[in-house]
Amino acid sequence: MNRRRLVQTAVAAGVLAGTAPLASAERVRTPRDFTGPFYPRGPRNQTSDLIVGEPRTDVLHFGGRVMTPDGAPYAGALVDIWHADPNGRYKHPRDRGQGELLEEFLYWGEAVTDANGAFAFRTYVPGRYAARPAQHIHYKVWFARKEILTSQVYFDELGGAKGFARSSEAAALQTANLVRKNDNLTAMLDVVI
Ligand SMILES: [Fe+2]
């Protein structure tokens with residue numbers, strides 16, 4: 001059982017004990033997290049494939065589902081991600097390393113969820129940077145042109161949130177497993193809104 005499930009089970013136990021007015025099958029909503037200073041400026045990249053040339057290092061297949069607490073899918077939601085490249089650089093004027101950006105990497109992109117609420121990106125594993133050594137992907141979810149969630153995802157195998165989430169409970173709900181199979185890295189995230 002991973003930490004996310006542990007938290008969900010703990011919350012469900014609280015529900016069964018009568019401490020919260022939720023059905024036991026309800027999922028815990030994904031915590032909000034900071035947008036941070038590097039939200040993309042400039043044109044949107046209307047693609048879920050953030051690597052436009054030959055990958056110079058491992059590719060991360062980052063996907064998941066957007067759903068309501070009772071598990072109903074959000075179809076047609078826009079998932080908007082941005083993150084540091086493997087060297088820990090953002091494409092943003094507030095990052096001093098703009099001369100060291102990777103040509104083949106788009107730094108941000110977006111995906112529309114399908115009928116099952118599923119989304120999938122092809123990107124790199126985000127690097128760590130001095131201000132925030134917990135490697136993370138920032139994302140926003142938009143529905144009917146309204147922003148409905150801003151959060152971040154951390155990775156267990158990279159050390160998790162390292163105290164950078166708003167609480168340890170939030171960190172557990174924002175942490176995905178990074179699974180390696182041969183040359184592929186995959187991380188799946190349930191986003192509950
Ligand atoms: Fe960040």
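1. A144 is exposed in this predicted model, because 8 other C-beta atoms lie within 10 Å of its own, and the cut-off for exposure is 12 or fewer. The residue belongs to the loop between β5 and β6. Its backbone also deserves a look: A144 has a positive phi of about 50 degrees although it is not a glycine.

2. Y107 shows a positive phi as well, of about 75 degrees, and it is not a glycine either. Is Y107 buried or exposed? Y107 is buried, because 23 other C-beta atoms are found within 10 Å, where 20 or more are required. Its place in the chain is the loop between β2 and β3.

3. Y90 is found in the loop between β2 and β3. Y90 counts as buried because it has 25 C-beta neighbours inside 10 Å. Leaving aside residues up to four places away in sequence, Y90 touches F38, A84, D95 and Y107; Y107, one of these, is the buried residue with positive phi discussed above. Y90 and P126 are 36 residues apart along the chain, and their C-alpha atoms are separated by 9.6 Å.

4. On the overall architecture, the protein chain contains 2 helices and 9 strands. Read from the N terminus, the order of elements is α-β-β-β-β-β-β-α-β-β-β. Of the contacts with a separation of 6 or more, 70% are between residues 24 or more positions apart. Buried residues account for 33% of the 193 residues in the chain.

5. One open sheet is built from 5 strands in the order β3-β2-β5-β6-β7, with mixed pairing. Its edge strands are β3 and β7 (175-176), each of which pairs on one side only. Within this sheet, β2 and β5 are joined by 5 bridges and pair in the antiparallel sense. L78 stands opposite W142 of β5.

6. A second open sheet has 4 strands in the order β4-β1-β9-β8, again with mixed pairing. Why is one side of β4 and of β8 left without a neighbour in the sheet? Strands β4 (118-124) and β8 (178-181) stand at the edges and each has a single partner strand, so one side of each remains unpaired there. The twist from one strand to the next averages 25 degrees.

7. The pairing of β1 with β9 can be followed residue by residue. Strand β1 (residues 59-67) runs parallel to strand β9 (residues 184-192), and 9 bridges join them. M67 stands opposite V192 in β9, while G64 has L189 of β9 as its bridge partner.

8. On its other pairing, β9 meets β8: these strands run antiparallel and are joined by 4 bridges. R180 stands opposite L185 in β9. The hairpin of β8 and β9 has 2 residues between the strands, and N182 takes a positive phi near 55 degrees in this hairpin.

9. Which residues have the most contacts inside the largest nonpolar core? They are V66, V79, I81 and V141, in a core of 40 residues. The elements that give two or more residues to this core are β1, β2 (78-82), β3 (108-112), β4, β5 (136-143), β6 (146-155), α2 (168-173) and β9. Members of both sheets are on that list, including β1, β4 and β9 from the sheet of 4 strands and β2, β3, β5 and β6 from the sheet of 5 strands. In soluble globular proteins, nonpolar side chains tend to be buried together.

10. I81 merits separate mention among the core residues with the most contacts. Not counting residues up to four places away in sequence, I81 touches W108, G109, F121, I137, H138 and Y139.

11. As to confidence, the chain averages a pLDDT of 90, and 88% of the residues score at least 70. Over residues 10-18, however, the pLDDT is below 50. Beyond near neighbours in sequence, that stretch has 8 contacts in the model.

Notes:
Residues numbered from 1 in each chain as written. Predicted model: local features only at pLDDT ≥ 70, side-chain atom pairs only at ≥ 80, totals over all residues. Pairing = 2+ DSSP bridges. Axes fitted to C-alpha atoms, helices over the stretch in contact; angles between N-to-C directions. Core = buried A, V, L, I, M, F, W, Y, C linked by C-beta atoms within 7 Å. Contact = placed C-beta atoms within 7 Å. pLDDT = per-residue confidence, 0-100.
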